[in-house]
Amino acid sequence: MKELRIRVLAGVFVVAGILSWAGARLWNSVGTLPSVPLAAPVVLALIAVILLATALSIRARLRAQRDRVPDAKGVDPMMAARAVVFGQASALVAALVAGMYGGTGVFLLEYLDIPARRDQAIYAGASVVAGIAVIAAALFMERVCRLPEDEDDDHPGAASAA
């Protein structure tokens with residue numbers, strides 16, 4: 001499984017932000033820009049909490065297993081793989097959504113004197129922060145579930161020679 005690359009996530013964020021900003025300008029010139037929902041940062045924050053809780057649980061179980069704690073509950077490899085895939089998918093979607101709301105928020109900065117637009121700009125900013133939290137939690141999950149490197153992979157003939 002390939003690791004998440006921060007460059008890819010940043011690229012998705014920037015492209016989505018630019019397209020969203022341009023789309024918001026166009027939509028506002030034609031009609032009324034749709035509002036930024038309050039649920040956006042709440043849902044992203046909830047996903048970040050779930051990812052972080054899962055990563056902390058797996059880390060504690062791995063540590064107990066490594067320290068040979070009696071009655072330690074092991075980590076099922078399929079569950080860990082599913083957790084990593086969920087984290088990677090969440091990070092990609094969060095980068096896209098955070099970029100989208102970031103571009104909309106930048107557009108809304110021109111209209112902070114209007115109370116409704118100011119609230120939307122705050123919701124958009126909170127969505128960006130929550131999206132970054134999802135990405136951070138996903139990267140932490142990936143780090144927790146990473147397998148230790150095998151020294152014999154660098155020298156395939158070393159194991160047979162010994």
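Guide: Let's start with a word we'll need: a residue is called buried when its relative accessible area is under 20%. This is a predicted model, and by that cut-off buried residues make up 31% of the 162 residues in the protein chain.

Visitor: Which helices and strands should I look for, and how many are there?

Guide: Begin by counting elements, then follow their order. The protein chain has five helices and zero strands. Walking from the N terminus, you meet α-α-α-α-α.

Visitor: How do I read the radius of gyration of the protein chain?

Guide: Set it beside the value for a compact globule with that number of residues. For 162 residues that would be near 15 Å, but the protein chain has 21 Å. The box tells you about its extent too: along the principal axes, the C-alpha atoms fill roughly 75 × 35 × 20 Å.

Visitor: Can we try a single residue? Is Ala-98 buried or exposed?

Guide: Look at its relative accessible area. Ala-98 has 1%, so it's buried. You'll find Ala-98 in helix α3. Now pick out Leu-44: the two residues are 54 apart in sequence, yet their C-alpha atoms are 9.2 Å apart in space.

Visitor: What about aromatic pairs; how many does the structure hold?

Guide: It holds one. To read a pair, check the distance between ring centres and then the angle between planes; planes under 30 degrees apart count as stacked, over 60 as edge-to-face and the rest as tilted. Here Phe-107 and Tyr-111 have ring centres 5.4 Å apart and planes at 55°, so the pair is tilted.

Visitor: Are Phe-107 and Tyr-111 buried or exposed?

Guide: Phe-107 is buried, at 2% relative accessible area. Tyr-111 counts as partly exposed because its relative accessibility is 24%, and partly exposed is what lies between the buried and exposed cut-offs of 20% and 50%.

Visitor: Which charged end sits over the ring of Tyr-111?

Guide: That one belongs to Arg-117. Its charged end is 5.2 Å from the centre of the Tyr-111 ring.

Visitor: Last one: which residues form the nonpolar patch on the surface?

Guide: Look for Trp-21, Val-106, Leu-109 and Leu-112, which together have about 350 Å² of accessible area. Try zooming in on Leu-109, which is found in the loop between α3 (77-108) and α4 (115-144). With a relative accessible area of 51%, Leu-109 is exposed, since exposed means over 50%.

How values were computed. Residues numbered from 1 in each chain as written. Predicted model: local features only at pLDDT ≥ 70, side-chain atom pairs only at ≥ 80, totals over all residues. Heavy atoms only, no water. Phe/Tyr/Trp six-rings, centres within 6.5 Å; stacked < 30°, edge-to-face > 60°. Buried < 20%, exposed > 50% of the residue type's maximum accessible area, 1.4 Å probe, protein only. Lys NZ or Arg CZ within 6 Å of the ring centre and 35° of its normal. Patch = residues over 30% accessible without salt bridge, like charges linked within 9 Å, V, L, I, M, F, W, Y side chains within 5 Å. Areas by Shrake-Rupley, 256 points an atom, 1.4 Å probe, with all protein chains shown as cover. Salt bridge = Lys/Arg side-chain N within 4 Å of Asp/Glu carboxyl O. Helix = DSSP H or I, 4+ residues; strand = E, 2+ residues; numbered from the N terminus. Rg over C-alpha atoms; globule rule 2.2 N^0.38 Å.
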